[in-house]
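Okay, thanks for coming, everyone. I'll keep this short: let's have the model up on the screen, and then I'll walk you through it.

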Amino acid sequence: MNMKKIIYIFCFFIFFEFFCRFVLGLGNPILSRKHPTIEYEFVPNQKVNRFHRKIKINSYGMRSDEIQEIKDPRKIRVLVYGDSVIYGGSLISQKNISTELLKKKKLKNSKLEIANISAGSWGPGNWLSVLKERGTYNADIIILVISSHDWNDNPQFNYTGLVEKKPLSAASELFTRYLLPKLKKQFIALKNLPSKEAQNGNKNGLDDLKSFIDLIKQKQIEFVIVQFWDREEFQSGKPKKGNILIKKVIDEKNVISLQSIYKFKECSKNHKDLYSDSIHPFTKLGQKCLSETIFDAMKLTKFNKIYGT
(Lines give C-alpha, C1' and ligand atoms only; values in the text may rest on other atoms or scores of the structure.)
Protein backbone atom coordinates (compact mmCIF):
# COMPACT_ATOMS: atom_id res chain seq x y z
CA MET A 1 0.00 0.00 0.00
CA ASN A 2 1.51 3.31 -1.07
CA MET A 3 1.66 6.44 1.06
CA LYS A 4 -1.13 8.16 -0.87
CA LYS A 5 -3.64 5.40 -0.02
CA ILE A 6 -2.57 5.47 3.61
CA ILE A 7 -3.22 9.20 3.75
CA TYR A 8 -6.66 8.73 2.14
CA ILE A 9 -7.60 6.05 4.67
CA PHE A 10 -6.32 8.16 7.54
CA CYS A 11 -8.31 11.18 6.33
CA PHE A 12 -11.43 9.03 5.97
CA PHE A 13 -11.20 7.82 9.56
CA ILE A 14 -10.60 11.37 10.79
CA PHE A 15 -13.62 12.60 8.85
CA PHE A 16 -15.78 9.68 10.09
CA GLU A 17 -14.77 10.33 13.71
CA PHE A 18 -15.56 14.02 13.25
CA PHE A 19 -18.98 13.10 11.78
CA CYS A 20 -19.83 10.71 14.63
CA ARG A 21 -18.74 13.12 17.35
CA PHE A 22 -19.87 16.52 16.11
CA VAL A 23 -22.77 15.65 13.79
CA LEU A 24 -24.29 12.60 15.51
CA GLY A 25 -23.23 13.70 19.00
CA LEU A 26 -21.60 10.40 20.03
CA GLY A 27 -18.45 9.74 22.06
CA ASN A 28 -19.49 11.21 25.40
CA PRO A 29 -22.09 8.94 27.04
CA ILE A 30 -23.40 9.24 30.57
CA LEU A 31 -21.50 6.73 32.71
CA SER A 32 -23.04 4.22 35.09
CA ARG A 33 -21.53 1.93 37.70
CA LYS A 34 -22.43 -1.41 39.26
CA HIS A 35 -23.86 -1.51 42.77
CA PRO A 36 -24.26 -4.62 44.96
CA THR A 37 -27.86 -3.88 45.95
CA ILE A 38 -29.15 -1.10 43.69
CA GLU A 39 -27.88 -3.04 40.62
CA TYR A 40 -26.54 0.02 38.81
CA GLU A 41 -26.62 3.80 39.14
CA PHE A 42 -25.22 6.88 37.46
CA VAL A 43 -21.69 7.95 38.29
CA PRO A 44 -21.92 11.19 40.32
CA ASN A 45 -20.88 14.63 39.08
CA GLN A 46 -21.29 14.42 35.32
CA LYS A 47 -21.96 17.19 32.83
CA VAL A 48 -22.02 16.05 29.21
CA ASN A 49 -23.34 17.01 25.82
CA ARG A 50 -25.04 13.94 24.38
CA PHE A 51 -26.68 14.03 20.94
CA HIS A 52 -26.31 17.81 21.29
CA ARG A 53 -28.36 17.83 24.48
CA LYS A 54 -27.05 18.83 27.89
CA ILE A 55 -27.27 16.26 30.67
CA LYS A 56 -26.25 16.82 34.28
CA ILE A 57 -25.90 14.28 37.10
CA ASN A 58 -25.35 15.68 40.58
CA SER A 59 -23.12 14.34 43.39
CA TYR A 60 -25.88 11.93 44.50
CA GLY A 61 -26.26 10.36 41.03
CA MET A 62 -29.54 12.22 40.36
CA ARG A 63 -30.43 13.98 37.13
CA SER A 64 -30.99 17.16 39.07
CA ASP A 65 -29.31 20.25 40.42
CA GLU A 66 -27.20 19.76 43.53
CA ILE A 67 -29.11 19.38 46.78
CA GLN A 68 -27.71 20.13 50.22
CA GLU A 69 -27.74 17.64 53.07
CA ILE A 70 -29.44 20.24 55.28
CA LYS A 71 -32.61 21.33 53.52
CA ASP A 72 -33.41 25.00 53.10
CA PRO A 73 -36.59 25.52 55.20
CA ARG A 74 -37.87 27.96 52.57
CA LYS A 75 -38.02 25.16 50.00
CA ILE A 76 -40.26 22.15 49.49
CA ARG A 77 -38.02 19.18 48.70
CA VAL A 78 -39.67 16.60 46.44
CA LEU A 79 -38.12 13.23 45.52
CA VAL A 80 -39.40 11.79 42.24
CA TYR A 81 -38.61 8.09 41.79
CA GLY A 82 -38.92 6.38 38.43
CA ASP A 83 -37.28 4.69 35.47
CA SER A 84 -36.46 5.99 31.98
CA VAL A 85 -39.84 7.75 31.84
CA ILE A 86 -38.62 10.10 34.58
CA TYR A 87 -34.93 10.07 33.61
CA GLY A 88 -35.84 11.57 30.25
CA GLY A 89 -33.21 9.91 28.08
CA SER A 90 -30.37 11.44 26.12
CA LEU A 91 -32.64 13.06 23.52
CA ILE A 92 -33.99 15.62 25.99
CA SER A 93 -31.88 18.46 27.35
CA GLN A 94 -31.78 18.91 31.12
CA LYS A 95 -33.90 22.04 31.10
CA ASN A 96 -36.72 20.28 29.24
CA ILE A 97 -37.23 17.13 31.35
CA SER A 98 -40.40 16.94 33.44
CA THR A 99 -38.72 17.33 36.83
CA GLU A 100 -36.90 20.48 35.72
CA LEU A 101 -40.11 21.95 34.32
CA LEU A 102 -41.71 21.22 37.68
CA LYS A 103 -39.24 23.52 39.44
CA LYS A 104 -40.63 26.47 37.51
CA LYS A 105 -43.99 26.22 39.24
CA LYS A 106 -44.70 29.43 41.13
CA LEU A 107 -45.96 28.97 44.67
CA LYS A 108 -47.31 31.49 47.13
CA ASN A 109 -44.83 31.08 49.96
CA SER A 110 -42.08 28.72 48.87
CA LYS A 111 -39.97 27.23 46.07
CA LEU A 112 -39.75 23.68 44.82
CA GLU A 113 -36.56 21.65 45.03
CA ILE A 114 -36.84 18.53 42.88
CA ALA A 115 -34.62 15.44 43.07
CA ASN A 116 -34.88 13.15 40.04
CA ILE A 117 -34.04 9.65 41.33
CA SER A 118 -34.24 7.46 38.26
CA ALA A 119 -32.42 5.42 35.64
CA GLY A 120 -33.37 3.43 32.59
CA SER A 121 -35.05 0.09 33.38
CA TRP A 122 -35.17 0.66 37.12
CA GLY A 123 -38.07 -1.04 38.86
CA PRO A 124 -39.41 -1.61 42.40
CA GLY A 125 -36.31 -3.55 43.50
CA ASN A 126 -34.01 -0.72 42.40
CA TRP A 127 -36.13 1.96 44.09
CA LEU A 128 -36.30 -0.04 47.29
CA SER A 129 -32.52 -0.49 47.38
CA VAL A 130 -31.90 3.22 46.71
CA LEU A 131 -34.26 4.13 49.53
CA LYS A 132 -32.52 1.73 51.92
CA GLU A 133 -29.03 2.85 50.90
CA ARG A 134 -29.55 6.60 50.61
CA GLY A 135 -32.52 7.47 52.77
CA THR A 136 -35.02 10.21 52.04
CA TYR A 137 -32.75 13.31 51.91
CA ASN A 138 -35.04 15.14 54.38
CA ALA A 139 -37.77 15.20 51.74
CA ASP A 140 -41.18 16.78 52.29
CA ILE A 141 -42.88 14.77 49.53
CA ILE A 142 -42.07 11.58 47.63
CA ILE A 143 -43.64 10.83 44.26
CA LEU A 144 -43.27 7.45 42.56
CA VAL A 145 -43.99 7.25 38.83
CA ILE A 146 -44.58 3.59 38.00
CA SER A 147 -45.51 1.99 34.68
CA SER A 148 -47.64 -1.09 34.10
CA HIS A 149 -44.65 -3.24 33.08
CA ASP A 150 -42.96 -2.60 36.45
CA TRP A 151 -45.13 -5.16 38.25
CA ASN A 152 -42.81 -8.00 37.16
CA ASP A 153 -39.54 -6.07 37.04
CA ASN A 154 -36.78 -7.17 39.41
CA PRO A 155 -33.04 -6.41 39.28
CA GLN A 156 -31.13 -9.03 37.27
CA PHE A 157 -27.52 -7.98 38.01
CA ASN A 158 -26.37 -9.07 34.54
CA TYR A 159 -25.31 -5.48 33.71
CA THR A 160 -26.20 -5.77 30.02
CA GLY A 161 -25.52 -2.51 28.21
CA LEU A 162 -23.90 -0.79 31.19
CA VAL A 163 -21.54 2.02 30.13
CA GLU A 164 -18.76 2.23 32.72
CA LYS A 165 -16.11 4.16 30.79
CA LYS A 166 -15.84 6.55 27.89
CA PRO A 167 -15.43 4.87 24.46
CA LEU A 168 -12.11 5.05 22.65
CA SER A 169 -13.76 7.15 19.97
CA ALA A 170 -17.16 8.29 18.79
CA ALA A 171 -16.87 5.97 15.79
CA SER A 172 -16.17 2.95 17.98
CA GLU A 173 -19.20 3.77 20.09
CA LEU A 174 -21.39 3.84 16.98
CA PHE A 175 -20.35 0.29 16.11
CA THR A 176 -20.09 -1.33 19.55
CA ARG A 177 -23.08 0.27 21.27
CA TYR A 178 -25.56 0.72 18.44
CA LEU A 179 -24.85 -1.16 15.22
CA LEU A 180 -23.58 -4.48 16.64
CA PRO A 181 -26.36 -4.86 19.29
CA LYS A 182 -28.95 -4.12 16.60
CA LEU A 183 -27.49 -6.80 14.33
CA LYS A 184 -27.42 -9.21 17.27
CA LYS A 185 -31.11 -8.63 17.98
CA GLN A 186 -31.97 -9.21 14.33
CA PHE A 187 -29.96 -12.44 14.37
CA ILE A 188 -31.80 -13.63 17.49
CA ALA A 189 -35.13 -12.80 15.86
CA LEU A 190 -34.20 -14.70 12.69
CA LYS A 191 -33.15 -17.73 14.71
CA ASN A 192 -36.37 -17.46 16.75
CA LEU A 193 -34.40 -17.52 20.00
CA PRO A 194 -35.66 -15.91 23.22
CA SER A 195 -33.68 -12.82 24.22
CA LYS A 196 -32.26 -12.34 27.72
CA GLU A 197 -34.99 -9.81 28.37
CA ALA A 198 -37.65 -12.37 27.51
CA GLN A 199 -35.96 -15.06 29.59
CA ASN A 200 -35.72 -12.83 32.66
CA GLY A 201 -39.02 -11.00 32.31
CA ASN A 202 -41.21 -13.21 34.48
CA LYS A 203 -40.03 -12.21 37.93
CA ASN A 204 -42.39 -10.38 40.26
CA GLY A 205 -41.67 -6.87 41.54
CA LEU A 206 -44.88 -6.47 43.54
CA ASP A 207 -43.28 -7.62 46.79
CA ASP A 208 -40.52 -5.02 46.37
CA LEU A 209 -43.18 -2.39 45.71
CA LYS A 210 -44.93 -3.35 48.95
CA SER A 211 -41.66 -3.06 50.87
CA PHE A 212 -40.92 0.31 49.23
CA ILE A 213 -44.31 1.63 50.31
CA ASP A 214 -43.93 0.26 53.85
CA LEU A 215 -40.52 1.89 54.27
CA ILE A 216 -41.79 5.30 53.17
CA LYS A 217 -44.76 5.00 55.51
CA GLN A 218 -42.36 4.36 58.37
CA LYS A 219 -40.63 7.65 57.51
CA GLN A 220 -44.01 9.45 57.70
CA ILE A 221 -43.38 11.45 54.53
CA GLU A 222 -46.15 12.64 52.22
CA PHE A 223 -46.32 10.03 49.45
CA VAL A 224 -48.26 9.72 46.18
CA ILE A 225 -47.97 7.15 43.39
CA VAL A 226 -48.53 8.09 39.73
CA GLN A 227 -49.47 5.15 37.54
CA PHE A 228 -48.09 5.99 34.12
CA TRP A 229 -49.97 4.73 31.05
CA ASP A 230 -47.89 3.75 28.00
CA ARG A 231 -48.87 4.53 24.42
CA GLU A 232 -50.93 1.37 23.91
CA GLU A 233 -52.90 2.01 27.09
CA PHE A 234 -53.36 5.65 26.10
CA GLN A 235 -54.75 4.68 22.69
CA SER A 236 -57.03 1.90 23.92
CA GLY A 237 -58.13 3.67 27.07
CA LYS A 238 -57.72 0.40 28.94
CA PRO A 239 -55.11 -0.34 31.64
CA LYS A 240 -52.87 -3.37 31.20
CA LYS A 241 -52.64 -6.27 33.64
CA GLY A 242 -49.68 -4.66 35.42
CA ASN A 243 -51.59 -1.46 36.08
CA ILE A 244 -54.42 -3.39 37.70
CA LEU A 245 -52.06 -5.49 39.84
CA ILE A 246 -50.13 -2.41 40.96
CA LYS A 247 -53.37 -0.59 41.79
CA LYS A 248 -54.40 -3.54 43.95
CA VAL A 249 -51.19 -3.15 45.97
CA ILE A 250 -51.71 0.62 46.22
CA ASP A 251 -55.24 0.17 47.54
CA GLU A 252 -54.14 -2.58 49.93
CA LYS A 253 -51.47 -0.26 51.35
CA ASN A 254 -53.87 2.70 51.45
CA VAL A 255 -51.64 4.99 49.37
CA ILE A 256 -52.89 8.05 47.51
CA SER A 257 -52.52 7.60 43.75
CA LEU A 258 -53.60 8.90 40.38
CA GLN A 259 -53.60 7.64 36.80
CA SER A 260 -51.64 9.61 34.19
CA ILE A 261 -54.12 9.07 31.36
CA TYR A 262 -56.54 11.77 32.50
CA LYS A 263 -54.01 14.59 32.38
CA PHE A 264 -52.48 13.20 29.18
CA LYS A 265 -55.89 13.15 27.49
CA GLU A 266 -56.31 16.78 28.52
CA CYS A 267 -52.96 17.61 26.93
CA SER A 268 -53.75 15.91 23.62
CA LYS A 269 -55.93 13.19 22.13
CA ASN A 270 -53.15 12.35 19.63
CA HIS A 271 -50.51 9.94 20.95
CA LYS A 272 -47.96 11.32 18.47
CA ASP A 273 -47.95 14.61 20.36
CA LEU A 274 -47.04 12.87 23.62
CA TYR A 275 -45.07 9.67 22.99
CA SER A 276 -41.79 9.16 21.14
CA ASP A 277 -42.19 5.37 21.16
CA SER A 278 -44.36 2.71 22.80
CA ILE A 279 -43.46 3.82 26.34
CA HIS A 280 -41.69 7.16 26.62
CA PRO A 281 -43.26 10.65 26.64
CA PHE A 282 -40.09 12.10 25.13
CA THR A 283 -41.71 14.98 23.25
CA LYS A 284 -41.94 18.59 24.33
CA LEU A 285 -45.64 18.25 25.12
CA GLY A 286 -45.13 14.81 26.66
CA GLN A 287 -42.63 16.15 29.20
CA LYS A 288 -44.80 19.17 29.96
CA CYS A 289 -47.78 16.92 30.52
CA LEU A 290 -45.78 14.55 32.72
CA SER A 291 -44.64 17.52 34.78
CA GLU A 292 -48.27 18.63 35.19
CA THR A 293 -49.24 15.10 36.20
CA ILE A 294 -46.58 15.02 38.93
CA PHE A 295 -47.71 18.44 40.13
CA ASP A 296 -51.30 17.18 40.34
CA ALA A 297 -49.99 14.32 42.50
CA MET A 298 -48.25 16.80 44.79
CA LYS A 299 -51.50 18.69 45.21
CA LEU A 300 -53.06 15.57 46.72
CA THR A 301 -50.81 15.98 49.78
CA LYS A 302 -50.85 18.46 52.65
CA PHE A 303 -48.44 20.48 50.49
CA ASN A 304 -51.41 22.04 48.72
CA LYS A 305 -53.16 23.08 51.93
CA ILE A 306 -50.08 24.48 53.63
CA TYR A 307 -48.36 26.31 50.79
CA GLY A 308 -51.08 26.88 48.19
CA THR A 309 -50.48 27.13 44.44
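**A walk through the fold**

So, contacts to begin with: among those in the chain with a separation of 6 or more, 74% are between residues 24 or more positions apart. Keep in mind that this is a predicted model.

What do we have in terms of secondary structure? The chain has 13 helices and nine strands. Its radius of gyration is 21 Å, close to the 19 Å that the globule rule gives for 309 residues, so the chain is as compact as a globular protein of that length. If you prefer box dimensions, the C-alpha trace spans about 80 × 45 × 40 Å along its principal axes. Of the 309 residues, 48% count as buried. The accessible surface comes to about 16,700 Å², and carbon and sulfur atoms own 56% of that.

Now, the sheet. Which strands are in it, and in what order? We've got five strands in an open sheet, running S6-S5-S7-S8-S9, with parallel pairing. At the edges you find S6, residues 111–118, and S9, residues 256–259; each has a single partner strand, so one side of each is left without a neighbour in the sheet. From one strand to the next, the twist averages 20 degrees.

Let me zoom in on S8, which covers residues 222–228. Is S8 enclosed or open to the outside? Six of its seven residues are buried, so S8 is largely enclosed by the rest of the structure. On one pairing, S7 and S8 go together in the parallel sense over seven bridges, and there you can see leucine 144 opposite isoleucine 225 in S8. On the other pairing, four bridges join S8 to S9, again running parallel. Look for valine 224 opposite isoleucine 256 in S9, and also glutamine 227 opposite glutamine 259 in S9.

What about helices on the sheet? Helix H9, residues 241–252, packs on it and touches S7, S8 and S9. The direction of H9 makes about 165 degrees with that of S8. Then there's helix H4, residues 124–134, lying across S5 (75–82), S6 and S7 (141–147). H4 runs at about 140 degrees to S5.

Right, cysteines. How many disulfides does the structure hold? Just one. Cysteine 267 and cysteine 289 form it, with their sulfur atoms 2.3 Å apart. The torsion about the S-S bond is about 95 degrees, so this disulfide is right-handed. The pair links distant parts of the chain: cysteine 267 sits in helix H10 (residues 261–267) and cysteine 289 in helix H12 (residues 284–298), 22 residues apart. The two ends differ in cover, too: cysteine 267 is partly exposed, with a relative accessible area of 28%, whereas cysteine 289 is buried at 0%.

And why is there no bond between cysteine 11 and cysteine 20? Because the sulfur of cysteine 11 is 16 Å from the closest cysteine sulfur, the one in cysteine 20, and that is too far for a bond. Seen from cysteine 20, the closest cysteine sulfur is in turn the one in cysteine 11. As for their surroundings, cysteine 11 is partly exposed, with a relative accessible area of 43%, while cysteine 20 counts as buried at 0%.

That's my tour, and I'm happy to rotate the model if anyone wants another look.

Definitions and conventions:
Residues numbered from 1 in each chain as written. Predicted model: local features only at pLDDT ≥ 70, side-chain atom pairs only at ≥ 80, totals over all residues. Heavy atoms only, no water. Disulfide = S-S within 2.5 Å. Helix = DSSP H or I, 4+ residues; strand = E, 2+ residues; numbered from the N terminus. Buried < 20%, exposed > 50% of the residue type's maximum accessible area, 1.4 Å probe, protein only. Pairing = 2+ DSSP bridges. Axes fitted to C-alpha atoms, helices over the stretch in contact; angles between N-to-C directions. Contact = heavy atoms within 4.5 Å. Rg over C-alpha atoms; globule rule 2.2 N^0.38 Å. Areas by Shrake-Rupley, 256 points an atom, 1.4 Å probe, with all protein chains shown as cover.
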